[in-house]
Amino acid sequence: MNIASSTEQICFLILGSVVILGALGVVLLKNIVYSAFLLGGVFMGVAGLYLLLNASFVAAAQVLVYVGAVNVLILFAIMLVNKKEELKQIKGLRTRKVLSGLVCTGLLFLLLRVDLTTNWNLPGPSAIGELSTERIGEHLFTDYLLPFEVASVLLLMAMIGAIVLARRDVLNTDIATGDSVDQNLIEKSNDPILLEQSSN
Amino acid sequence: MNTGLDLELSFNNLLQGFGISSEISHILWLPLPMLLVLSSALIGVLVTVWLERKVSAAAQQRIGPEYAGALGVLQPMADGLKLLVKEDVIPAKADGLLFTLGPILVLIPVILSWLIVPFGQNLLISNVGIGIFLWIALSSIQPIGLLMSGYASNNKYSLLGGLRAAAQSISYEIPLALSVLAVVMMSNSLSTIDIVNQQNSFGFLSWNIWRQPVGFVIFWICALAECERLPFDLPEAEEELVAGYQTEYAGMKFALFYLGSYINLVLSALLVSVLYLGGWGFPFPVEWIANLLGQNVDTPLVQVFTGSIGIVMTIIKTYLLVFLAILLRWTTPRVRIDQLLDLGWKFLLPISLVNLLFTAALKLAFPIAFGG
Amino acid sequence: MTGFFRQVADYTQNAISAGKYLLQGLAVTFDHMGRRPITVQYPYEKLIPSERYRGRIHYEFDKCIACEVCVRVCPINLPVVDWVMNKETKKKELRNYSIDFGVCIFCGNCVEYCPTNCLSMTEEYELASFDRHSLNFDNVALGRLPTSVTTDPSVKPLRELGYLPQGIMDPHEVPNKDPRAGKLPAEVLDWMKQESSKEGEIASISNTKEEVN
């Protein structure tokens, strides 16, 4: 065993334990902010695993999308509604826990079975390294064009939906004078897009 | 294309001359560029801090630091030393772990991004294939550190500052990435080396700034916003938020934030010079000058000469941009948060999309001028 | 459709003019960089306080007659005049006099009204101390004369802008002898005297003319 492969193995062990422990922490920790930060750590660990697999573009994309966008958004949402509230007691929590535990172990066994029964040909196809960026681009614009576009349309729909939901058609009026107190600072004068235009 | 100096190869050859195996010489080589880049980043920060103080003073008709060293050049050192020996205060109700982790998470990605900054054909730590994309990905980690320190400080100003920083950072990353994409499209590569090489065929006439003027402006605005420099320094707007997410920090942890923001400024300036101003390229191609003087480009002396000229050119371009940033700091007033988000989403994003589209069209129409 | 294009055109125009104004601002900032620093390097250089500078109050114990005019004209009755009546001589005997400069506003009323001129304004303004009670000056402290900026060997005295020769802005290399722009009060008085005598002549001439008429 030479230096390179032993370093790789050590890195794999560290990254794997980071991912597993982090994921357990995300689920088990009481403090939701800690869970969110640990989730970021798990994403970083997965990016590290991609790097070990010689897929640097995927690793960078993982960091950009999952850590830089998804995780930041989760943190944002948590911190903007940073209320300490007592959660209501859920009826039959214990049976729910047991049920979800059963589903999860079932999934785990399924994955293990797939892992053990599949005939992995070792060593796998040789890594293409730097060329992977081009290869990903080619595939995205030829074989996987339809799923790619469908996913983007789905995201667009989600975005439009979010904007429509979040847009507040409230115009505050001064109680005494009846004038608009909206000073055009943050909320510009909103013309209602949901109600009026549908009746026109 | 000439290969230029290859320090790693000559270092390995030297060590192997002493009878050391190639593997061990490689391991011995590994920490050297890292140390070099770390120290050069730190020196760059010291110079930038000094420059900032001196230029700010000149713009306000003051003198600025004068007594620490000649013309006050040692002032940043004194500042750093002061921060180093200051008491490290963690507020009683703060979250100690996240409070400590925050500044570290802010600093590490910035330093890591120096991996891809080229000072010459072979003068960079690693010519990774994803090049400039690595920087974009790494800079997206920063808001997590900011949110972390904002949350852990247990202070509403800190939390607001952290949230503002994260919002600003993620909304300006998109136009930034799109303007980088336009450059990448022209050079057909994400690697910073290829981006620079593609610009240096006709001296300063072939720099990307002539082909991507809109992209240059967008990139510069976004880089200033990412560095939280004025006019986009809302996260630490002192009139409103005391010092934003840095409010509760003191001593070395504050120094980490300070260091991070200045390293980020130097890095952004470096990347602007790499992406748009021809990186290490001399305004006139070195090959022409060598031919004029009747020298062969491949002789070691000329190689060393061109290498050092490359480093000097990169540094000059970078510090000109840093100077511009400081001038902008004393010229422009701070924007409001709604103006900031307006500018990012309603102005820069559509324009950078149009710029990208336009570049693609030009690339198809004139493949010679805009990369085949 | 034309409305849309007009909007786009207006928007572009606005963006371009914004860029233009930004460049103008940058030019102004850049221009300021070449200008001379206007700061005074304080502990090493000091501006010479102007005539009639209202600094710390100087007090001469021997001149004081304990009339307490200073107390009466003071907006807050600040000076403390500690005297006793000597029954034998039937005269006031002054024991102590003090002014608290932590409270004084340096309005100069006491100096103005002092009948024996035992109070006067100095040019001393460096009154900072670690304890506010040490700002309460008694008659001994009030009697000390401040070190003048011009005689202090460790300080480079600089003239204020109004006291520089005409056309000179930088106080650093101006010789002491150079007169300031305009006239000194004494010169102004001389000039006024001359003027009034001239005017008197003219007036007398015109008077005689009128008499002739």
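Two parts of the structure are in contact when heavy atoms of one lie within 4.5 Å of heavy atoms of the other. Keep that cut-off in mind while looking at this predicted model.

**Stop 1: the chains**

Colour by chain, then show chain A and chain C. These two do not touch, and 18 Å separates their nearest C-alpha atoms. Two pairs of chains are in contact, and chains A and B share the most contacts.

**Stop 2: chain B against chain A**

Select the residues where chain B meets chain A. Chain B contributes 29 residues to this contact and chain A contributes 27 residues. About 2300 Å² is buried between the two chains, with carbon and sulfur atoms giving 76% of that area. Now pick out Phe133(B), Ile144(B) and Tyr151(B) as sticks. Within chain B, these three lose the most area to chain A, together 22% of what that side buries. Do not look for salt bridges here: the rule finds zero across the interface of chain B and chain A.

**Stop 3: chain B against chain C**

Hide chain A and bring chain C back. This contact takes 17 residues from chain B and 16 residues from chain C. The buried area is about 1400 Å², and 70% of it is on carbon and sulfur atoms. How many salt bridges does the rule find across the interface of chain B and chain C? Here the count is zero.

**Stop 4: two crossing helices in chain B**

Show chain B alone and select residues 31–59, helix 3, together with residues 251–276, helix 13. Their axes lie 9 Å apart and the packing angle is about 90 degrees. Angles of 65 to 115 degrees count as roughly perpendicular, so helix 3 and helix 13 of chain B are described that way. On the helix 3 side, the contact includes Leu42(B), Val45(B), Val49(B) and Glu52(B). Residues of helix 13 in the contact include Tyr258(B), Tyr262(B) and Val266(B). By class, this contact has nine nonpolar, two polar and one charged residues.

**Stop 5: a salt bridge from helix 3**

Stay on Glu52(B), and add Arg229(B) to the selection. Their side chains form a salt bridge, at 2.9 Å from N to O. Glu52(B) belongs to helix 3 of chain B, while Arg229(B) sits in the loop between helix 11 (213–226) and helix 12 (238–241). The two residues are 177 residues apart and link distant parts of the chain. A search of the whole structure finds twelve salt bridges over all chains.

**Stop 6: the start of helix 3**

Select residues 22–29 of chain B, which are helix 2. Helix 2 and helix 3 of chain B pack at an angle of about 10 degrees, with axes 5 Å apart. Angles under 35 degrees count as roughly parallel, so this pair of helices in chain B is roughly parallel. Ile27(B), Leu28(B) and Trp29(B) of helix 2 meet Pro31(B), Leu32(B) and Pro33(B) of helix 3. The residues of this contact divide into six nonpolar, no polar and no charged.

**Stop 7: confidence in chain A**

Return to chain A and colour by pLDDT. Its mean is 80, and 79% of the residues of chain A reach 70 or more. Among the elements of chain A, helix 4 (residues 93–117) has the highest mean pLDDT, 91, and helix 7 (residues 196–199) the lowest, 46. Next, select residues 185–190 of chain A, where the pLDDT is below 50; this stretch has 15 contacts beyond near neighbours in sequence. Over residues 195–200 of chain A the pLDDT also stays under 50, and the model has one contact beyond four places in sequence. Where pLDDT is low, predicted coordinates should not be read in detail.

Note on methods: Residues are numbered from 1 along each chain as its sequence is written. Chains are lettered from A and ligands numbered from 1 in the order in which they are written. Side-chain values use heavy atoms; hydrogens and water are left out. Axes are lines fitted to C-alpha atoms, for helices over the stretch in contact, and angles run from 0 to 180 degrees between N-to-C directions. Helices (H or I, at least four residues) and strands (E, at least two) are DSSP runs, numbered from the N terminus. Angles under 35 degrees count as roughly parallel, over 145 as roughly antiparallel, 65 to 115 as roughly perpendicular and the rest as oblique. Ala, Val, Leu, Ile, Met, Phe, Trp, Tyr, Cys and Pro count as nonpolar, Asp, Glu, Lys and Arg as charged, and the others, Gly among them, as polar. pLDDT is the predictor's confidence in each residue, from 0 to 100. Buried area is the accessible area (1.4 Å probe) that two parts lose on being put together, summed over both. A salt bridge is a side-chain nitrogen of Lys or Arg within 4 Å of a carboxyl oxygen of Asp or Glu.
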